[in-house]
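Me: I've just opened this one and would like to talk it through. Can you help me see what the labels rest on?

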Amino acid sequence: MDLTPSEDQQAILDLASRIIGDLSTPERLRDLAAAGETHDAELWNALVRADLVGLPLPADAGGGGYGLTEAAMVAEAVGRHTAVIPYVETVAAGRALAAAEHPMASETVGGTVVAPALREGPDARESATPSTAAASTGDGWALTGDKRLLSGCTTADHLLVSAMADDGVGLFLVDATTVRSTGSTTMSGQVLHSVHLDGTPGRRLDGDGLEQLRALLHELRVLRCAHLGGVAEGALRLAAQHCKEREQFGSPIGTFQAVGHRMADAWLDVELIRSTARQAAWRTDHGHPATQAAASAAMWACEGSQRVVHAAQHVHGGIGLDLDYPLHRHFQWAKDLELALGGAGACTRDLGAAIAAEPLTIG
């Protein structure tokens with residue numbers, strides 16, 4: 001499998017990196033944080049105008065006709081600059097809507113934010129067997145239950161809610177203005193919402209709800225891995241630059257063997273996160289089994305990203321803790337995204353279960 005970007009993919013990656021790098025600067029992020037803003041509307045609108053939000057949606061939904069692989073590349077760029085936009089959530093939800101041939105998919109291409117509402121229970125895990133209930137009202141559906149720690153809801157126009165109906169699992173589109181929610185701020189500054197549904201009206205997506213939910217969970221996992229890989233890469237870039245400029249005993253600290261080895265290990269982790277995430281995306285796009293690949297990517301993303309951001313903090317010394325210096329954002333986002341993936345331990349257990357479920361062939 002050759003994961004080298006094609007000419008089109010490299011152009012997409014370059015465009016996303018340029019737009020996000022130009023707008024999501026450390027100064028801009030500092031100003032947004034000072035103003036209490038958790039969404040960079042200017043950057044979001046720029047990505048919409050560049051067709052990067054609709055890029056991985058099919059052409060008949062108004063998208064660019066590309067796949068999860070290209071979306072993962074854009075997610076990497078979002079993470080590399082710790083941009084505060086709901087890219088992963090909206091793209092994953094938009095692709096689920098497009099797969100169900102729902103007209104709302106074309107609105108996500110134009111920047112309408114749709115946030116997946118899949119987490120519930122005391123551990124706030126995402127599951128293919130939701131406890132939220134959906135009852136038919138004759139001309140629609142009424143949803144009852146609680147969803148927890150949802151990202152992307154601050155600016156969401158709609159929620160894509162998983163619920164259990166009498167005939168099985170379904171995905172339901174809910175107007176975000178009709179729900180009552182409470183928010184809590186994480187260490188990275190993003191706001192996670194808990195939503196209470198009490199007979200809330202929803203529109204059910206056509207098709208096999210269980211398959212739709214499984215596909216949405218899978219694609220969210222892959223995109224989060226790519227996003228987290230970008231966060232780790234951004235931290236590594238800051239550390240590499242610091243190692244070139246910071247001198248001790250008359251030499252750049254990057255020339256010291258121990259520092260060089262630490263940075264080499266971090267580079268390997270970044271490459272492993274990127275390659276496993278892109279492999280999972282590629283397998284998904286080409287119709288190959290990808291559950292095990294996604295679990296492997298999640299394990300590497302959770303474990304490797306923590307090694308990278310800790311190494312970056314260590315080589316920076318005290319300046320890495322300065323809130324006027326951008327490194328702290330990578331550290332904070334790495335922890336938030338690791339928790340969004342479920343944590344390294346849970347991802348390792350998922351990988352073990354995926355391997356155990358694969359039939360053993362001999363010869």
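**What the labels rest on**

Reply: Let's start at D51, which has a positive phi of about 65° just after α3. Keep in mind that this is a predicted model, where local features need pLDDT of at least 70, side-chain atom pairs count only at pLDDT 80 or more, and totals for chains, interfaces and linings use all residues. Residues are numbered from 1 along each chain as its sequence is written, and side-chain values use heavy atoms, with hydrogens and water left out.

Me: What makes up the secondary structure of the protein?

Reply: Eleven helices and eleven strands. Those are DSSP runs numbered from the N terminus: H or I over at least four residues for helices, E over at least two for strands.

Me: Why is the protein called as compact as a globular protein of its length?

Reply: Its radius of gyration is 21 Å, close to the 21 Å that the globule rule gives for 363 residues, so the description fits. The radius is taken over C-alpha atoms, and the rule is 2.2 Å times the number of residues to the power 0.38. Along the principal axes, the C-alpha trace spans about 80 × 65 × 40 Å.

Me: Why is V169 called buried?

Reply: Buried means under 20% relative accessible area (over 50% is exposed, in between is partly exposed, with a 1.4 Å probe and protein chains only). V169 comes in at 11%, so it counts as buried. It lies in strand β7, residues 168-175.

Me: Which residues does V169 touch, not counting those up to four places away in sequence?

Reply: A128, P130, A163, M164, R204, G209, L210 and L213. Contact here means heavy atoms within 4.5 Å. One of these partners, G209, is 40 residues from V169 in sequence, yet their C-alpha atoms are 5.2 Å apart.

Me: And what about R221, buried or exposed?

Reply: R221 has a relative accessible area of 17%, so it is buried. This arginine lies in helix α7. Leaving aside neighbours within four places in sequence, R221 is in contact with A294, A295, A298, L341, C347 and D350.

Me: How do you know that α7 and α10 are roughly antiparallel?

Reply: Helix α7 (residues 209-245) and helix α10 (residues 327-341) pack at about 160°, with axes 9 Å apart. Axes are lines fitted to C-alpha atoms, for helices over the stretch in contact, and angles run from 0 to 180 degrees between N-to-C directions. Under 35 degrees is roughly parallel, over 145 roughly antiparallel, 65 to 115 roughly perpendicular, and the rest oblique. α7 and α10 are therefore roughly antiparallel.

Me: What is the handedness of the crossing of α7 and α10?

Reply: Left-handed. That label applies if the near helix is turned anticlockwise from the far one by less than a right angle; clockwise would be right-handed.

Me: How do α7 and α8 pack?

Reply: Helix α8 covers residues 257-285, and its angle with α7 is about 155°, with the axes 9 Å apart. These two are therefore roughly antiparallel to each other. The crossing of α7 and α8 is left-handed.

Me: Which residues of α3 are buried, and what covers them?

Reply: In α3 (residues 41-49), the buried ones are L43, W44, A46, L47 and V48. Their cover includes α1 (7-23), α5 (87-99) and α6 (104-109). Across the protein, buried residues make up 53% of the 363.
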